[in-house]
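Reader: Hello! Could you take me on a close look at the cysteines and the small sheet in this model?

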Amino acid sequence: MSIPQEFIQELKSRTDIADIISGYVSLKKTGRNYMGLCPFHGEKTPSFSVSPEQGFFHCFGCGEGGDVITFIKKIENLDYVEAIRFLAQKAGLSVPEDGQSKGLGDLKKRIYEANREAARFFYKKLYSPEGREALGYLKKRQLTDKTITHFGLGYSPGSRFELVNHLKKLGFTNQELFQANLANETKNGNPIDRFSDRVMFPIIDLRGNVIGFGGRIMSDIKPKYLNTSDTPVFNKSRNLFALRFAKQKANGQLILVEGYMDVIALHQAGFENAVATLGTALTQEQAAIIKRYCDEVVICYDSDEAGQKATQRAISILRPTGLNIRIVKVPDGKDPDEFIKAHGEQGPARFRLLLEKSGNDVEYRFGRLRSKYNTDIPDERIAYLTEAAKLIATLENSIERDYYISKLSREQDISKDAISGQVGKYLRSNKKQTDIRQQKEAMLELSAARNNINKEKRGKLRAATAEEALLAIIMTEPDTAASLFKELSPDLFATSFNKRLYQILKSRSDSGYDFTITDISGELSDEEMKGAAEILAEAHKVGDPLEAAREYIGILRDEAQKLTPDQISMASDEELMRELARIKKKKQQ
């Protein structure tokens, strides 16, 4: 779909990037910009910058950046047109529908529609004679009709063609069914239902779209759960089951459980702030999503060994986000659903008591550590104290470290000084390793970001730096830009990305359009937008922009006259003498 430039201009005039981003990130004004914790990677020190004046954001930690459209695309997992529709709705505008094309946006729309029709189909089948066993299973799990309807639960028939035939009658093509992952492709190229004889759990995004499904088998056939694979509208690592409902009831806290049934049972029992991952271990993307909607997360995984390992892993992913983490231990190896049902009418009250008595993640890790050692045996006691000191050294808050040093000292009748000394030793070692790791990560991130966007910069550093300074002036000083477009030929650019960016800016100016970062977002990929935002973020204010720009143009002209290493190796003696004379003359100036 082609969006008219006039509409983009109107949308830009009505959209404040800081207002939009503050709905997802807590921003603090620092000078003319705003700073906050990056929502795209875990961090405790703000490195996420938003410039309302220039209309861009940039994270100095992970390198993410772009305009408000880029931000909405990434944070809401939308394409370009969908992001514009999202922002237009907030601004009270209607997106012109002229010029529809059969692109990704149209495919996503069809997938949403197919998923919605599939969910309706599954729900009807649940209450049909075919779904008797599936409905019986849900009733046995003590789910009410109200809960079944609320979550849109359903049943996929045992026949492998009922859903496919139903959707094809509604006008969906084989390719659309494959793209939605509602059907698999046979050897003959025909569609066959992906889900067969399973209780179905629709996965719904924050805007109410059905984006995928989870299906639970009622027999011993493996796999027990079958989930929608990644599609143009669904990525299992970037979504959480029931978040659409839970965020409305979060009140600063989300409960993280392992499976669909645990979430549904908790919601039915009154704990409507429960969410779950989608058949995978917790990811950093999901941790960042959780951080947007709460300050505290309660992990309530199964009590078996697999559940405890998953808990440990979840703690390591959630800790860097700065969330308060609490751990619920469900007695007798039960999961939350089993525990609530085992106590009948008292189930919800007893589970609430478990929540209230839940310890933080540090207490949990100490408990796990203590269970490994018999502290009555001197060697094991020393091993426990050593491991405990390592654990304390991982805590960033000095007050928290002091508290657990004192507690460990009292528990094990060991002097506080001895424990403090060992903790200090590990702290120094950790800091050294962290510093080295962060330096490597920073170099890798910077290198990766730049290499993906402007691979030629490393070999043409002086020219590329001048190019970036010029591009920043053009995007921030429109009056100066008008003069520069007349003086600066694209052929002077030494790197392809910067040249392409300049040509886009110049073309828009020649056509009478604005050329801020938001104006050009429709012509750049996400990686290119990241590069443009980085150029703006690292630009320095200059006294006279036109004078500075002409100096940068001089650098480009000078660099353009130099022979490249390949040219030098192929140059004649006469050409080399001319190059040496040029360099000598340059030094004398």
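**Cysteines and a five-stranded sheet**

Author: Happy to! The sulfur of Cys62 has its closest cysteine sulfur in Cys59, and the 3.7 Å between them is too far for a bond. A disulfide here is a pair of cysteine sulfur atoms within 2.5 Å. This is a predicted model, in which local features need pLDDT of at least 70 and side-chain atom pairs count only at pLDDT 80 or more, while totals for chains, interfaces and linings use all residues. Residues are numbered from 1 along each chain as its sequence is written, and side-chain values use heavy atoms, leaving out hydrogens and water.

Cys38 also has its closest cysteine sulfur in Cys59, and at 3.7 Å that sulfur is too far for a bond. With a relative accessible area of 6%, Cys38 is buried (under 20% relative accessible area, using a 1.4 Å probe and protein chains only). By the disulfide rule, the count comes to zero.

Now for the sheet. Five strands (DSSP runs of E, at least two residues, numbered from the N terminus) make an open sheet with antiparallel pairing, in the order S1-S2-S3-S4-S5. Its edges are S1 (28-30) and S5 (65-66), each pairing on one side only. Strands count as paired if DSSP finds at least two bridges between them; S4 (residues 56-59) and S5 are joined by two, in the antiparallel sense. Phe57 has Gly66 in S5 as its bridge partner.

Helix H23 (residues 526-537) packs on this sheet and touches both S4 and S5, where contact means heavy atoms within 4.5 Å. The directions of H23 and S4 make about 90 degrees, taken between N-to-C directions on a scale from 0 to 180 degrees, with axes fitted to C-alpha atoms, for helices over the stretch in contact. Helices are DSSP runs of H or I, at least four residues.

Key: Buried means under 20% relative accessible area, exposed over 50%, partly exposed in between (1.4 Å probe, protein chains only).
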